Amino acid sequence: MLSAVAARKALARQTGEQSAQSSPHPTSVQASREWSPSRPVDFEEPDAPRPEPTVISNFLPVIGQNTFSLTQDDFTATGFQGDNGVVLVLNASESVALLGVYLLTVLQGRAKLCGVTLGPSSTQHRVFAPRSSPLPVISWAATEGHSKMSERPLPPSVHANSDATVVLIQYASTGVEGLGRICRVFENVFKPPRGTPTRDIGIPEIRLISHSTKDMLPFTTPPSWETGLAYMDLPSNNRTDITLTPLCVVKGPKKSGKSTFSRTLLNRLLNCYRRVAFLECDVGQSEFTPGGMVALSIIESHVFGPPFTHPTLPYRAQYIGSSTPRANPSYYLSAIKTLLETYRLEIHVPTFADTSTSNDDRIEDVIPLVVNTMGWTKGLGADLNARIEELVEPSHVFEFDGPEDGGWPARSVELAGDNNYTFPLCSPATNIVRVQLEAIQAEATNMHAFSAADHRNINTLSYFHAAFPPLVAEQRPSALVSFSDVPSPVSLRQVTADYWDATVPLCARYPYEVCCESAFDRVYLVGPGYEDVVPSELPRVLNCAVVGLVAYDPTIKETEIEHTDQVVSSLPYSPGQSVPHPSASNCLGLALIRGVFSSSDPSPTPSNSSLTHLHILTPLPPSILGHARVLVKGEFELPIWGMLDFREGDEGGIAGVERERVPYLQWGKGEGLGSERRRVRRNLMRKAQM
């Protein structure tokens, strides 16, 4: 005889079987949950049909017909730079996807790449195509109207029709592939996976990808993106009307393609304007700077590649010190407001025109603005994004649709405002064009293999291993009177890393040895819990820390620092002291304090009571380091990959030190209370909820 509990369970099973037979989905989860929901459910789901590989390259390279290898004599005769290259001839409706790092030069016709149409010119576009991001696809584009002919004749060995697109492909030796040795998650991302069929185009480092796989997906633009990007194409009769300068704000939830669209929008504007300003408000997923910064950058060249392939020195920036503004939202808004004032006063209408490139017919009198907001769209994040839009006073707002439970309401109206928009220069726009965009589907991205944290790590490591070009005279600040208290060390020019030095880890690089008493004036600690750090613990906090190098206005006097603090440390520090106001400061970049020691003690240890010297690693050019007089330490930390020594292998130590004796690092599972991350069970339900 069955008990009452067993009888109820048997009845539940019978009811579940009957409902499963009547339901089109026989494996129903709800029907089999007669026990605690925290216990895993034993049922087998039918395998989801994997998408069939799609053709992303219908171009078939044939030597002597549509593929031509150039010799050194061809480069000398035609005046091209380099000593090795391949010319590809794309006919109508043909496309080609390449994996690797290469230089692209359009010699004839028009080519479409990452949503941007490129015409013939002598410009060599750097294209970074790792499989950690969607692959750029070079496509043939129809010639509209009278096409500007190539400034240089085609090599004698190249034969192409008049309506064909002719491009020159060259390998770009930048050293960016070495970042995979440092961050093992991105190892060999510029090479195809094993067993993947590829084609050779004549350059060993570059492979042609014919079909998409789960690890290599093509870059695509949804139809709504093309509709929104069309607003940036100025008509020929209004190209000189400076009152039509676009001020664009891109909004949307996380993982919707917001940053990708912002980059595409930037490239589209560069077809009409010589320079474009880019305001990064997403401190977690920054485009041109490492995370933790609100930065205003000047971009002059098209950007083809993920963020870690183009670290750039900002024109002006503010260091937040965290991947989210949750801890100090007021300072976050003040930083954005200050950067917008800098744009309106110093960038929007430049005080001088650049005539270095006389054959460039793009607009140079004004500089448009692209604002990339953060993906935090709930609660306080939604309020901050709304406030940012009010501060920008945009002419165009691009919003990504999202579900209500995702934190971003979907709008029913596709466009709002008058299409024939006009607004006075540097004044509020009364008619705002709002464009609704569809989010990128998850299956069209590589999020299954590379998480947001992985991209943040590689961005930071790419920054510290980057080599920026030396600032020439035209890139240094001019003697003109600046509207701000702290002029930027970088003028209205783009300063992007040329190459990456990944031959040695950070622990083996020669640092700057800085005397604290003569180099820095103040130290600030920002973030939750740092207000309780006493001056005697400052050496331990700064050791192996990522800090912001900040220039400030020395005429701004702050509260006097107590004399007791000066005795403990040679750096003026006071617990809980607020950082300088954004209007009187400028973050030049980040630095890694690799060692803290006293000059009186030859052994550099963080336990010394006197802080005198710092060992600092920074990629900033030496010409601007003298402006940095303030150190700001926040929550932003160096990724664990940056602390390891890849030369030692998996079983070795770091810089010759055994693994067990390396400070701050521990291999294996921790012991003791609090050694593991706290796990919260969110799958417990009451009986009525089952």
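The exercises below work through parts of a predicted model.

**Exercise 1. Describe the surroundings of L118: which strand holds L118, and is L118 buried or exposed?**

Step 1. Locate the residue: L118 belongs to strand β5, which covers residues 116-118.

Step 2. Apply the cut-off: buried means under 20% relative accessible area. L118 has a relative accessible area of 3%, so L118 is buried.

Step 3. List the contacts. With neighbours within four places in sequence left aside, L118 touches L104, V106, G109, R110, A111, H125, H302 and F304.

Step 4. Look at a pair separated in sequence: L118 and R268 are 150 residues apart along the chain, and their C-alpha atoms are separated by 9.9 Å.

**Exercise 2. Find which strands are joined to β8 by bridges, and in which sense they run.**

Step 1. Begin with β8 itself, residues 165-171. Of its 7 residues, 6 are buried, so the strand is mostly covered.

Step 2. Take strand β2, residues 85-90. It runs antiparallel to β8, and 5 bridges join the two. One of the partnerships is between L90 and T165 of β8.

Step 3. Take strand β3, residues 95-108. Its pairing with β8 is also antiparallel, over 6 bridges. Here V106 has V167 of β8 as its bridge partner. V106 is also among the contacts of L118.

Step 4. Recall the general background: strands of a sheet pair through backbone hydrogen bonds, either parallel or antiparallel.

**Exercise 3. Work out the layout of the open sheet of 6 strands: what is the strand order, and which are the edge strands?**

Step 1. Write down the order, which is β21-β25-β24-β23-β26-β22, with mixed pairing.

Step 2. Identify the edges. β21 (512-515) and β22 (522-525) each pair on one side only and are the edge strands.

Step 3. Add the turn: on average, neighbouring strands of this sheet are turned by 40 degrees against each other, direction ignored.

Step 4. Examine one pairing. Strand β24 (residues 585-597) and strand β25 (residues 613-617) run antiparallel and are joined by 5 bridges. In this pairing, I593 has I616 of β25 as its bridge partner.

Step 5. Place the helix. Helix α8 (residues 452-464) lies across β23 (545-552), β24 and β25, and runs at about 85 degrees to β24.

**Exercise 4. Classify the aromatic pair of W225 and F400, and say which parts the pair ties together.**

Step 1. Count the pairs: the structure holds 10 aromatic pairs.

Step 2. Read the geometry of this one. The ring centres of W225 and F400 are 5.8 Å apart, with 80 degrees between the planes. Planes over 60 degrees apart count as edge-to-face, and the pair is edge-to-face.

Step 3. Place the two residues. W225 is in helix α4 (residues 223-229) and F400 in strand β16 (residues 396-400), so the pair ties together parts 175 residues apart in sequence.

Step 4. Check the burial. W225 is buried at 0% relative accessibility, and F400 is buried with a relative accessible area of 0%.

Step 5. Extend the picture: W225, F261, F398 and F400 form one aromatic cluster.

**Exercise 5. Locate C114 and E393, and state the phi of each.**

Step 1. Start from the general rule: most residues other than glycine have a negative phi.

Step 2. C114 is not a glycine, yet has a positive phi of about 55 degrees. C114 lies in the loop between β4 (110-113) and β5, and is buried, with a relative accessible area of 12%.

Step 3. E393 has a positive phi near 55 degrees. E393 lies in the loop between α7 (380-392) and β16, and is partly exposed at 27% relative accessible area.

How values were computed
Residues numbered from 1 in each chain as written. Predicted model: local features only at pLDDT ≥ 70, side-chain atom pairs only at ≥ 80, totals over all residues. Heavy atoms only, no water. Helix = DSSP H or I, 4+ residues; strand = E, 2+ residues; numbered from the N terminus. Buried < 20%, exposed > 50% of the residue type's maximum accessible area, 1.4 Å probe, protein only. Contact = heavy atoms within 4.5 Å. Pairing = 2+ DSSP bridges. Axes fitted to C-alpha atoms, helices over the stretch in contact; angles between N-to-C directions. Phe/Tyr/Trp six-rings, centres within 6.5 Å; stacked < 30°, edge-to-face > 60°.
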